[in-house]
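Colleague: I am new to this structure and would like to understand why its parts are described as they are. Could you take me through the reasoning, setting each value against its cut-off?

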Amino acid sequence: MSTNQNFQPKIVVFACENSGWLAAEHAAELCLSYPEKVEMIKLPCSGKIDVLFFMKALEKADGTAVLACQKENCKFLKGNVRAEQRVSQTGKILKEIGIEEERVGIFYLAANMGHKFTEIVQGFYDKIRELGPNPGKVIK
Amino acid sequence: MENNTRIGVFFCNCNGKITEKVDYEEITSEIKKLPQVEYVRDSQNLCAHLEGELICKEISKNQLNRIVVIGCAGSREEGFFREVLVKAGLNPHLLSMVNLLGECCAVHEKNPQVKVKSIELARMGVARAALLEEVKHGDVPVNRTVLVIGGGLAGMETALENAARGFKVILAEKEDKLGGRLARVNSIIGVDRKPAELLDEKVKAVTSNPAIEVRTNTRLGDLDGNIGGFTAWLVKDGTETPVEVGAIVVATGVQTIFCPVKYGLSIADNVIGQMKLERLLADGKDFNRKNISMIIGKGTEAFNLPFVIAVKNALLLRQKFNATVNLFYTNIKVGGDNWEKMYTDARAAGVNFFKFEDNIEIAANNGEIIINYEDPFLGNKVPGTYKITSDYIVLPEELVPSEGTEELAGVLRLELGPASFLSIDNAHILPEMTSRDGIYLAGSCQMPGFVNEIEISAKAVAEEIFRKLYDEKVSVEMTQPYVDATKCVVCLTCYRCCPHGAITIEHGEQYENLYKSAAVMNPLACRKCGICAAECPGKAIQLPDYTDSQILAQLEAMEVQP
């Protein structure tokens, strides 16, 4: 896959409303910027993430990630562990159908980590940009 | 309702903060093209109070039944708009909020991509709004009986506090009489009374209270159900009797294990533990002008209790018997009400404090204790070991959860926390709460605690139970996940993965599947995390406000770029 210098990937981020979503709000308060083509979807807990959501997101975007609470610090005890399992499950499915499994990721952060949020998003964005466009996108 | 969805879109300028970066006209022209969107308007500041009334009017005038707010999506604003919806006669859950300020305007510079993103966000919000569902309130009948496990001071205090709030209480004690471990103690820190006196008073109050039923020699065998409707099987002499209760308070406390081997000693008359010392003091043993050494350290530093007890007893021996007290410590933790003062009092009264690090050797020789130790501070100036002889050595005991805590945690479906004590849900919100609503902790079963904290803890538990079970029927918002019984195959995945034990399997003819049963989420115990909905292999579970179709519709509304 040729890496186009002008390629701007689109990312869908699922955010737990107890950590990732609040971290994004914190980032907004601090006016920290991150790439425009990052869209967020709010979930009540990272454990609500579903393989189906990831797959649907990858029909539209080049990469997708879930933001969960710090390990051992989930408001619902095991939500982030469940999310991690969902991510690895999605990775396996992606590998089977010939898409890079790095296109799906999980990141842990706390509600007051606005800086970490932008760092994570920027890092994931750069990684996906190196990978190039997602071959599995459904273009109607 | 589906055929008659009328979406109203309200756009907020946020006093120009939003229109500075994105163009209102462009967004509205896009939104107006969407089906079901009946009404679009903008405002300078949508969360002002007069605007609320205006939104109400517009909702009834245009017969809108789904509202999209494009602006910000903070929890404060969300609460405000939900109130507005209720005032307009709509269900408060028919609201979709788009965080244009936070996701677009505050973080990006003005450029063509921001325009694209803002339109996409608005479309996602509208797509979600079209699929929103109403959430109703329901009345849940609850049982107003409280089961208290453990008849120690914490258990009795909790029983009394609950009885005072109009609950019926069953107090289950595994021993044959009430009292617990406090009966073995000589004096209490921070409480100016004899423990025996205090216990007598509480036992009398409990036994004379008609609302409290005391069951001795009883333990909890099994548990079923959820808050407001537990069925607890109480085991007495090998026979199980079920009782219906609404809430459960665990007050099983702590036990001490005397382990002199850790210090290289064996059990002898002059090698005693702090609990034994308390017992001897209560029995009136004479320590007049004796030489007593105490040790704190070697793995007992996890809790405050051993430090405070040692300092308390050292001060008491010094003042009452004029004994020579040597206190060997690696660290002193006296963080609490008046404890620092107790420590300085002990120093002023002439208790000798010796710090050691690792190098301490204790030997018992013909009724005499010889302690050799190295002082880390003096060691630089006067090297070598110091030798101290004394008549008694008092060692700290290991503090472990009381016998059977692990089995109890299994029955209650709770997790064990640090040092195998029962784990609390969140130390900052309410330290008495567990991961399951309706099961609370009081006293030392969560961490070795102090008598003066028990009253506060018991009151907090009773208030929390009263807040939840305030009447025979409680009204709750049915935001718990709902199950499509035709898809449920009773695989128990949700039952096992629910972190709050809120799911039960119900049987009945109304469940239209092969098994005539389905998983049911308890609205009182559920905390709306949606883990069950995600785990369900049959996609039979949907969480209101976050249904699969709503989230997929949001994704569907995104544009694909090659």
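Modeller: Let us begin with A:Glu59, which is called partly exposed because its relative accessible area is 28%, and that value falls between the limits of 20% for buried and 50% for exposed. Please keep in mind throughout that this is a predicted model.

Colleague: What makes the link between A:Glu59 and A:Lys56 a salt bridge?

Modeller: The closest N and O atoms of A:Glu59 and A:Lys56 are 3.5 Å apart, and the cut-off for a lysine or arginine nitrogen and a carboxyl oxygen is 4 Å, so the pair qualifies. Both residues lie in helix H2 of chain A, three residues apart, which is about one turn of the helix. A:Lys56 is called buried because its relative accessible area is 18%, and buried means under 20%.

Colleague: Why is B:Arg76 called exposed, and what is B:Glu77 called, buried or exposed?

Modeller: B:Arg76 has a relative accessibility of 62%, and since exposed means over 50%, the word applies. B:Glu77, in contrast, counts as buried at 13%, a value under the 20% limit. The two residues form a salt bridge, with their closest N and O atoms 3.3 Å apart.

Colleague: How do you know that B:Glu197 and B:Arg193 meet in a salt bridge?

Modeller: The N to O distance between the side chains of B:Glu197 and B:Arg193 is 3.8 Å, and the limit is 4 Å, so this pair also counts. B:Glu197 is partly exposed at 46% and B:Arg193 is partly exposed at 32%, because partly exposed covers the range between 20% and 50%. Over all chains the structure holds 39 salt bridges, and in chain B a network of them links B:Asp425, B:Asp437, B:Glu464, B:Arg467, B:Lys468 and B:Arg527.

Colleague: Why is B:Thr479 called buried, and what does its side chain touch in a polar contact?

Modeller: B:Thr479 lies in the loop between strand E24 (473–477) and strand E25 (482–483) of chain B, and it is called buried because its relative accessible area is 12%, which is under 20%. Leaving aside its neighbours within four places in sequence, B:Thr479 is in contact with B:His93, B:Val135, B:Lys528, B:Leu543 and B:Pro544. With B:Lys528 there is a polar contact between the side chains at 3.5 Å, and the limit of within 3.5 Å is therefore met. B:Gln510, for its part, is 31 residues from B:Thr479 in sequence and 21 Å from it in space, C-alpha to C-alpha.

Colleague: What makes up the contact between chain A and chain B?

Modeller: Chain A gives 44 residues to this contact and chain B gives 43 residues, and together the chains bury about 3900 Å², with 57% of that area on carbon and sulfur atoms. Nine salt bridges are counted between the two chains, one of them being that of B:Asp548 with A:Lys48, whose N to O distance of 3.5 Å is within the 4 Å limit. Strand E1 (11–16), helix H1 (20–29), strand E2 (38–43), helix H2 (51–60) and helix H3 (79–96) of chain A each supply at least two residues of the side that touches chain B. The residues of that side divide into 23 nonpolar, four polar and 17 charged.

Colleague: Which residues of helix H15 of chain B are buried, and what covers them?

Modeller: In helix H15 (residues 548–556) of chain B the buried residues are B:Asp548, B:Gln550, B:Ile551, B:Ala553, B:Gln554 and B:Leu555. Their cover includes E1, E2 and H2 of chain A, together with helix H5 (112–130) and strand E28 (541–542) of chain B.

Colleague: How many salt bridges and polar contacts join domain 2 and domain 3 of chain B?

Modeller: Between domain 2 and domain 3 of chain B the count is zero salt bridges, while four residue pairs are in polar contact, both residues being at pLDDT 80 or more. On the side of domain 2 that touches domain 3, the residues divide into eight nonpolar, three polar and two charged. The area buried between these domains is about 1200 Å², of which carbon and sulfur atoms give 70%.

Methods: Residues numbered from 1 in each chain as written. Chains lettered and ligands numbered in written order. Heavy atoms only, no water. Contact = heavy atoms within 4.5 Å. Buried area = accessible area lost by both parts, 1.4 Å probe. Helix = DSSP H or I, 4+ residues; strand = E, 2+ residues; numbered from the N terminus. Nonpolar A, V, L, I, M, F, W, Y, C, P; charged D, E, K, R; others polar. Polar contact = N/O pair within 3.5 Å; in protein donor to acceptor, adjacent residues only side chain to side chain. Buried < 20%, exposed > 50% of the residue type's maximum accessible area, 1.4 Å probe, protein only.
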